[in-house]
Amino acid sequence: MNQRLSSISRDPAFWVILPLTLVILPHLPRLPLWMPILMLLLFAVRLGAISEPRLILHKFWLFVIAVLVSIGTIMHYGTIFGKAAGTALLICLLAIKLLESRSTRDYMLLIALSFFIIVTNFLFTQNIPTAVYMLCTVVVLVMSLITLHQGDAALDLRWRLQAAVKLVALSIPLMLVMFVLFPRISGPLWHMPDDAGSGRTGLGETMSPGDIAQLIQSNEVAFRVEFTDNKPSQDQLYWRALVLWYFDGRTWEQGKQNENPRPTLEGHGQPVDYTITLEPHEKNWLFALDMPEQAPPGVHYNNNFLLRSREPINTLYRYSLKSFLNYRIEYQLSRWEKSAGLKIPPDSNPRSVQLGQQWRTQFNHDEAIVNHALQQFNQQDYVYTLQPPPTPGAHPVDAFLFNTRRGFCEHYAGSFTLLMRAAGIPARVVLGYQGGMINPVNQVLSVRQSDAHAWAEVWLPERGWVRVDPTAAIAPQRVERNLDSALAADEIRPLYMQLDNSVLKHLRFYWDAVDNRWKQWVIGYGPKLQQQLMRALFNREIHYSELTFMLMAAVGFVALMIAWLSFKSRAPKETDPVQKLYLQFCDRLAKRGVARNISEGPVDFASRAAQLYPSQQHAIDLITKIYINSRYRSRTSTDQTEKMQSLIRNLNYSPDKS
Amino acid sequence: MNISNQATQIRDTLQQAGNSIGQIILGKRRQIDLALTCLLAGGHLLIEDLPGVGKTTLALTLARTFGLDFRRVQFTSDLLPADVTGISIYDATSQQFKFHPGPIFTQVLLADEINRTTPKTQSALLEAMEENQVTQDGISRALPKPFFVVATQNPSEQIGTFPLPESQLDRFLMRIEIGYPDQQAERELLLGRDRRQQIAQLPVIINPQNLLALQKAVEEIHESKALLDYLLALIRSSRLSPWFSSGLSPRAGLALQKCARAWALLHGRDHVLPEDVQQVMPSVAAHRLQIHPDHQQDNIDELVRRLIMQVPV
């Protein structure tokens, strides 16, 4: 068995199939099901062909398979270009190429292609496990190259592994230099090719009952926050992203936005200083703590106090902000805002509207109405739950307020806003995240999809827009601590909450801290960070052209080093003057037709040289004698060396005419 | 003895001995030189060839030229260890066991067709060769000095042979083949008189005392650092080479060094040259290396020569 294994492990085809499998493996879940099956078949046929030559397919059939695969790709993806379709087709063609590969040259080509396909992995994921896997695969690829080069005389498996690891390790410094110095230019050039419909979980642009409760099921990180000073208390962490004005009776939407200038923000106390690292979410909104003082450069700050970037966020995005937790938005309500903030869809939820109107007559000022509404939520038998009963029909708010009375934050925020509008108080829904969890390892706050939240803002005279969170009235633990503590004990929780025992949680904190570093310094290493690093290193702005120059200098330096090392190992530096002279002597003779074989001793060589140059025999013998005396009898004297030198110089190399 | 001054003289004497042997063994000067080298290096010689090419004659001539006692044991399948080393027999007169030394108590022993006897007898001989003494009934008896075994062996493909295992082949410093003589030599051979008579008339060129002195002189042959580097490179490359299952052992390295020194002395030098190593290496290394299964079809001597060609001087 072992014998057999070792004979397979010497077969070049095995050394192509193994790395190819490793290269293709991470792509498999992304491919349509027929592709992995086809590849498995092709690989099996090729493996079989190692011992069974009848399995070698004719070129015609390979061509047919290639055409069919291309058609299949077009049928599945609608194109053969783009990230997903292009990679899929390339992988299939690679597998087909394997079938017709027989010579070492073919194998080398396949390995070179494999290096490329490995990189395409980064188009899809860029996390640490992917990087580690890819590094391991590169080691196997290098091992394959070593095996293919050594051919029959391949060394022991362990030795090849050692050599491959050594080679890859040697390349890492160069990789780091290129990573750091390669000019990062902001612009579309460096964006990932984007496929339409790559679904990511995250806030949507609308809110209907059940939306957020569904989002809660995901534990993915939405963004991470580092506070410069202390973290504000948990119930103040309202991360705003969207303001929804329009209501159609069921769904809240942003609707058409007004054109008014942004009202002035009057901040009180010390602003909170923090930096957000935003995960790509394919939308253009940025999150900010209520209320940001001003927008980061290049970001639009609109009249709803929301931050909007010009492009959708499809790479890791990092920005710093200052926010006032105590603030007042002092201004006159514009006509547009007044009409939009009081708009009630006609013929929907009549009982709720009626309740609101009733409150108007009951209380004489707005703040009393708001407080009364919150009191109602708090004191009556409303329940905060992840599994609210569905509220179908034309009047979902009525059904919730008067019948089911079980809801999640979107139910409370939505119905509260409608009630306020009915009572004549301008109100709007705000979507975003609330809270977040501090990682004790690195003190970074991570806000996850499970922290998604909806709340309301009402306009009160003298106070302007004021945040009101009806959820806080029903389940204060939700905002003070977290969702888990706000849910009833018998509530069915998402899986990640159930798994959160202390050990696992601790491990997750560590992993999260490492992951955060990776995201910030490796994936997030863009133009901004690069400039920052260069400033730190050189104390001034470094232009891209300088970066390019530095990069080329570094690569050139490494290339020179390699050249020097290989030159050095090929011709070891000779320190012995006699040996130097002798080699010079051999060199001269070699140019005139008598080349010394590497294994030829001095006496043998002398007699061979003397045959070609009989007239010089005496000189040749003398040179050889001095050389032997020095090298093999350990007898050297300066005058002998000088004599040898003059003999070599005066040697007459014109061939004897005999 | 200062070799540097006497090197030429030693060479002349040895060449004279070589010439003398060459009168009997015609056209085999290289084999004679190798045999002399082996004797100078104080090792034992294994001659592997077909019957009738002059193996026995070579051994006999060597013994004669150096004035050494000569005995011969024909190894057969029923030969017992005691037949070689000697036996204790009860002596009725002295009422004691008396040791009767076997044929091994000689200066030159020709162990003819060593691979025809059983491994047990083979090891008895090989042990004696290694220890330079014979132990019987708890008493060790030293063998005479110089002690030189020339073993002959038929190619193991022939029927009725017990091939010597690698570990025992290692006891022989050198293994040589004689081969058929060329046309000219064979003609002279047929024209000449009876070889045995000729041998009996050969003069003794070097006496045993001188031989011992020469064996000591071999120890004083100089090796420079450069030469040791070359020797190491050869050994190392035998270990890295894919042709052999395993490379040369340190003992093989010592043997190679000794033979190269002896060869240098034989050619009148007080120092070893790479050429000396190259000349003796096939005879020293070939029987100690095992061909890798992947290269079974190759000839071992040829592989050793290719190995030499690969290693830069």
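**Asking how we know**

Visitor: What makes the meeting of the side chains of A:Arg633 and B:Asp270 a salt bridge?

Guide: The rule asks for a side-chain nitrogen of Lys or Arg within 4 Å of a carboxyl oxygen of Asp or Glu. Here N to O comes out at 2.9 Å, so the Arg-Asp pair passes. The count between chain A and chain B is one salt bridge.

Visitor: And what sort of model is this?

Guide: It's a predicted one, where local features need pLDDT of at least 70 and side-chain atom pairs count only at pLDDT 80 or more, while totals for chains, interfaces and linings use all residues; side-chain values use heavy atoms, with hydrogens and water left out. As for labels, residues are numbered from 1 along each chain as its sequence is written, with chains lettered from A and ligands numbered from 1 in the order in which they are written.

Visitor: How many residues of chain A and chain B are in contact, then?

Guide: Contact means heavy atoms within 4.5 Å, and by that rule 15 residues of chain A touch 19 residues of chain B. The two chains bury about 1400 Å² between them, 54% of it on carbon and sulfur atoms. Buried area is the accessible area (1.4 Å probe) that two parts lose on being put together, summed over both. On chain A's side, A:Ile598, A:Ser599 and A:Tyr632 lose the most, together 43% of what that side buries.

Visitor: What makes a residue pair between chain A and chain B count as a polar contact?

Guide: You need a pair of N or O atoms within 3.5 Å; within protein, one must be able to donate a hydrogen and the other to accept it, and residues adjacent in sequence count only if both atoms are side-chain atoms. Eight residue pairs make the cut between chain A and chain B, both residues being at pLDDT 80 or more.

Visitor: Which domains is chain B divided into?

Guide: Domain 1 covers 3-206 and domain 2 covers 221-313; the bounds come from an automatic or database domain assignment. Their centres, taken over C-alpha atoms, are 24 Å apart. The contact takes 25 residues from domain 1 and 23 from domain 2. Together they bury about 2100 Å², 57% of it on carbon and sulfur atoms. B:Asp170, B:Leu173 and B:Arg175 lose the most area on the domain 1 side.

Visitor: How do you know that B:Arg251 forms a salt bridge with B:Asp170?

Guide: Same test as for the first pair: the closest N and O atoms are 2.7 Å apart, so they fall inside the cut-off. The two domains have two salt bridges between them.

Visitor: Why are S2 and S9 of chain B called edge strands?

Guide: Start with the order, S2-S5-S8-S1-S9, in an open sheet of five strands with parallel pairing. S2 (70-74) and S9 (174-176) each have a single partner strand, so one side of each is left without a neighbour in the sheet. A strand is a DSSP run of E, at least two residues, while a helix is a run of H or I, at least four, both numbered from the N terminus.

Visitor: What makes S2 and S5 of chain B a pair?

Guide: DSSP has to find at least two bridges between them. S2(B) and S5(B), residues 108-112, have five, in the parallel sense, so they qualify. B:Arg72 stands opposite B:Leu110 in S5(B).
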